[in-house]
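I wanted to see how the strands pair up and what sits on the surface, so I pulled up the model and took notes.

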Amino acid sequence: MRIALAGLLASALVASEGSFSPARSSELLEGLREVFGYSLSGFLLDGALTAIKIAVLALVAGTALGLLLAVMRLSSFAPVRGIAWFYIWFVRGTPIILQLVFLYDALPPLGIKLSSFTTAVIGFALNEAAFMAEIIRGGILSVDRKQSVAAAAFGMSHHQTLRRIILPQAMRSIVPAMANQAISLVKGTAIASVIFVNELTFRSQQIVGQNFKFFTVFAAAGIIYLVMTSAISVLQSYLERHFNMEREPGRPRGLARLRLWAAGPAAAPDPAAHSTPPAALKWAAAEVGGVPPRKPDGSDPFVVCRGVHKAYGSREVLRGIDLTVNRGEVVVVMGPSGSGKSTLLRLVNHLEHLDRGEITVEGKLVGYERWNGKLRPIRNLAKARADARIGMVFQHFGLFDHFTAVENIMEAPVQVHGVPPAVAREEAMRLLAQVGLTFHADHLPHRLSGGQQQRVAIARALAIKPDLMLFDEPTSALDPELVGEVLTAMRRLAEAGMTMMVVTHEVRFAREVADRIVFMDEGQIVEQGAPSEILDAPVHERTQRFLRMVDRIPA
């Protein structure tokens, strides 16, 4: 790097003089020696170290405060959002030099005596926080909201979701902007000279004040700044590779590699193995939550919905739903788009708040308590979801993009239910074998087909030992040839006695697997009954029209 800079510097000097005599050459070499001599000067390097200390401390503190401000900006509580917005607006709108001078002059009269160095760190940290807040907020908003919903469905708290799911994915867009800000901060420490901080630029000025060699001294300072900022660029490249979600498949990194080592060789996938065809899977009752295989007889209500209402603004989505699902029963919910099917499932798991009515699972409210004759959400909603042991499979898979297949399955057992990582990995590998994906254990979701992703999602839901499984149109996002492998896995669950609520338009699956079909339209249950009754002899005209549209009964 120094050779290249010397070449550029020599070219510039030659161009400015228009000639290159031996005497001039000797002067040029002497000038270069002076520049590099100053760049290695202990006096300037001490100033550079001071600049680095200010930048590092300010960046760490500013990032921490920026994260807090970013979360505040995303809060649903308006006063909290307002405080964060005002701080960011004020700090970004005023020059940093004025902020430093204000702190330097305003604190002593208040009885707060700080050194110039400490004042500079505080000033830069407060300034950086405003910019970091917007960088982090932008990164958080870049992550698909479905990731947060999936984490919430498995009982992860807001803090866990932010730390484990959102921020690791957001870092891909945060790192470049943060690196730019860090480089600006390192160069901006020169402003601290106005409050007499003995950093690199201030020391350069001191030398120039004695020998008046502006060019050589400040060229040396420029070289030192370039080295410092280049180090940040190298770190940026490393972090971008670390947070790359498109890394080579089959090569676990970081925590994945550590977990693989901790679990021992028995837990590692055998490269020689191949995917087991889903049709060959054998499910045991103990493997899906310990529910003994049985046919529902109507005597054991498990999910009970009473007078359920839900609206989004002025649009009423559910209008007085009354529904009972018995233990071990497979209930398929059908109906046109917008009829409230998916909303009903999300209310069962308390991913949405009820407006009126109540829903109990195994006789218990999920995330609500009775207060003055009404229901109100409890404070620890995440724990309530976790305790309910409700597994959920989403239409668009909802896998965590930065985790491998096996890590997706391990996440809720380890983080929510406290299962030791080695035990969770062993269980995850067993579930992957059951859905025929052993060889894909260390593949990231984007390396899997849609059908494979959905089977991983089913295994992830089973990993929490659920008593109830919710399927929200699990095949609608799949190509037709991939639908069969997902439905086969669902059939095995039904045969094992798992209580299931399934939103789907797969009529053949409903006919073969469902104990009961519920048809909904415009937020109400139009009719319900055995598959033979609803599919072959629907009573309501709306049901008949819907089935004609899917070409399942003659027009």
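My notes on the sheet, the hairpin and a surface patch follow.

I kept in mind that this is a predicted model, where local features need pLDDT of at least 70, side-chain atom pairs count only at pLDDT 80 or more, and totals for chains, interfaces and linings use all residues. Residues are numbered from 1 along each chain as its sequence is written, and side-chain values use heavy atoms, without hydrogens and water.

**Sheet.** I looked up the strand order and got 2-1-4-5, an open sheet of four strands with antiparallel pairing. Its edge strands, each pairing on one side only, are strand 2 (315–326) and strand 5 (364–365). I noted that strands are DSSP runs of E with at least two residues, helices runs of H or I with at least four, both numbered from the N terminus. Pairing takes at least two DSSP bridges between two strands. Strand 1 (residues 301–312) runs antiparallel to strand 2, joined by nine bridges. I found P301 opposite N326 in strand 2.

**Hairpin.** Next I checked strand 6 (residues 368–371) and strand 7 (residues 374–377), an antiparallel pair with four bridges. E369 has R376 of strand 7 as its bridge partner. Two residues lie between these strands in the hairpin, and N372 in the turn has a positive phi of about 55°.

**L114.** Is L114 buried or exposed? I got neither: L114 counts as partly exposed because its relative accessibility is 35% (buried is under 20%, exposed over 50%, partly exposed in between, with a 1.4 Å probe and protein chains only). L114 sits in the loop between helix 5 (96–106) and helix 6 (116–142).
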